[in-house]
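The following note is offered as a short guide to the interior of one protein model. Please keep the sequence and the structure in view while reading the points in order.

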Amino acid sequence: YKTIALANTIIEKVEAGNLSNKTFAIAEAKFMRAWCYFELTTMWGEVPLRLENPTSISADAFAKPKSSRAEIYAQIEADLAVAIAGLPDKTMVKYNFRVSKGTAQGLLGKVLVFQGKTAEAIPYFEAVINNPAHGLESDVSKVWLKDSEFGKESLFEMGYITTSNRDWGNHNWGGRNENNIHEQLMGPRGDGYFDLTGTGLKNGWGFNLPTAKILTAFDAAGDVSRKAATVMSEAELISFGGSRGGSPWDYEGGIRTKYAPRASETSSSGVAELNYGINLRLFRYAEVLLLAAEAYNKEGQDDKARAELNKIRNRAGLADVSSSLTGANLFDAIVNEKFLELAFEGQRFWDLVRWGRASAELSSKGYTSKNDLFPIPASEIAKNIALTSADQNPG
């Protein structure tokens, strides 16, 4: 909502003015607003739709009831239509961190797929796929490294830098740092737990360890190169010359290599642990291909679905799927490929929910249907007099 408020301010002020870059500024602000509302409705369902900021500080001015998901999706689609019309092609974007027309086209396709509107989504995916400005990085081992930031596979990134050389005294533990503390948080824990000799990795703080399932899935697929860029088994760690000491909480036999700490991705000044500059890839061309494959499959165009799926597989060093793979079996193959390709990128759970597969996958972890949406914070209900406890999400 903070980003939405900033976007609303830009839209209001720029629409009333006569700036030379008016079209672009409004298009980018509306993209950002659409991105945030898509995140909000995915995670919380019905939420207040704030398209204008309050003009005074009062409970009445802030009051806003929840809007239906249909209303929220309609606004997202309207904002992205303006973004697509007003944003430049990737080749014409002046600064590589800005969003492009392809970013908005890809996002609109994704929003439509999440609503089950797969036929409507396909033209937007095709616009991205047929644009030579976009593509897959040729080397899967480089996709998530600093060297490929804002590259041809990138549609949208969270950018991080290390210019202020943070230390233990001035790091902002409350968030909104210029540096990527997530990389340190997710790195294999030190303190005698993991010796990373020979791996090229540095120790982190050990959060969100890989499950045995993802390790097994890569091996079952015969996926060597993409696995190496994503996870490392204990046997592989030992083969590099490293070792495991203690038994970290939630350890199931592996460590992460995707977004793991590396000496090459932190500042040489300041405290290394607090100065990682690697960007997080929020939206990649690879995801567009997988979404397109899903949409084609749902629309009975399995030949086209296989073609997009095979692009991902071939980049990972895997063979094409069988030309006889169709229907539900092909969909299962797309689901599995997405599991491998987007591991640790924050997409899997929401896909399982919309596919109706969350219970089968996660019931052993305590999942019930109430977990399809996050709980609305009590503080949000308390400060908004247009909401009551009855507006809390089910369960």
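1. Which residues of α13 are buried? The model is a predicted one, and in it the buried residues of α13 are L330, F331, A333, I334, V335, E337, K338, F339, L340 and E341. The charged letters in this list deserve a second look: E337, K338 and E341 are buried along with residues such as F331 and L340.

2. The surroundings of this helix come next. The buried residues of α13 pack against the helices α8 (212-220), α9 (225-228), α11, α12 and α14 (348-355), and against the strand β8 (280-284).

3. The length of α13 can be checked by simple reasoning. The helix has 15 residues, and at 1.5 Å a residue the expected span is 21 Å, because the rise is multiplied by one less than the number of residues. The C-alpha atoms at the two ends of α13 are 21 Å apart, so the expectation and the model agree.

4. The largest nonpolar core has 55 residues, and those that touch the most other members are F31, Y37, I76, L80, L107, F125 and F283. At least two residues of this core come from each of α2 (22-44), α4 (69-86), α5 (101-114), α6 (118-129), β3 (154-158), α11 (285-298), α12 (302-315) and α13 (327-341). Apart from this core lies another, of ten residues, including F194, L209, L237 and A260.

5. What does F283 contact, beyond its neighbours within four places in sequence? Its partners are W35, T103, G106, L107, K110, E153, S154, L155, F156, V288 and L291. One of these partners, L107, is also listed among the core residues that touch the most other members.

6. Empty space should be considered as well. The structure holds one cavity of 30 Å³ or more, and the volume of the largest cavity is about 50 Å³. Its lining consists of E137, V143, S148, G151, E153, S154, E157, R281 and R284, with β3 and β8 each giving two or more residues. By class, five of the lining residues are charged, three are polar and one is nonpolar.

7. The second largest pocket contains about 420 Å³ of space. Of the 22 residues that line this pocket, Y1, P48, R50, F62 and E380 lie nearest its centre. The helix α1 gives the most to the lining, with four residues. In the lining there are twelve nonpolar, seven charged and three polar residues.

Notes
Residues are numbered from 1 along each chain as its sequence is written. This is a predicted model: local features need pLDDT of at least 70, side-chain atom pairs count only at pLDDT 80 or more; totals for chains, interfaces and linings use all residues. Side-chain values use heavy atoms; hydrogens and water are left out. A nonpolar core is a set of buried Ala, Val, Leu, Ile, Met, Phe, Trp, Tyr and Cys residues joined through side-chain atoms within 4.5 Å. Buried means under 20% relative accessible area, exposed over 50%, partly exposed in between (1.4 Å probe, protein chains only). Contact means heavy atoms within 4.5 Å. On a 1 Å grid over the protein atoms alone, a cavity is a set of points where a 1.4 Å probe fits but cannot get out, and a pocket is an open set with protein on both sides within 12 Å along at least five of seven lines; lining residues have an atom within 4 Å of a point. Grid points are joined across faces, edges and corners, and a volume is the space filled by probe spheres set on the points. Ala, Val, Leu, Ile, Met, Phe, Trp, Tyr, Cys and Pro count as nonpolar, Asp, Glu, Lys and Arg as charged, and the others, Gly among them, as polar.
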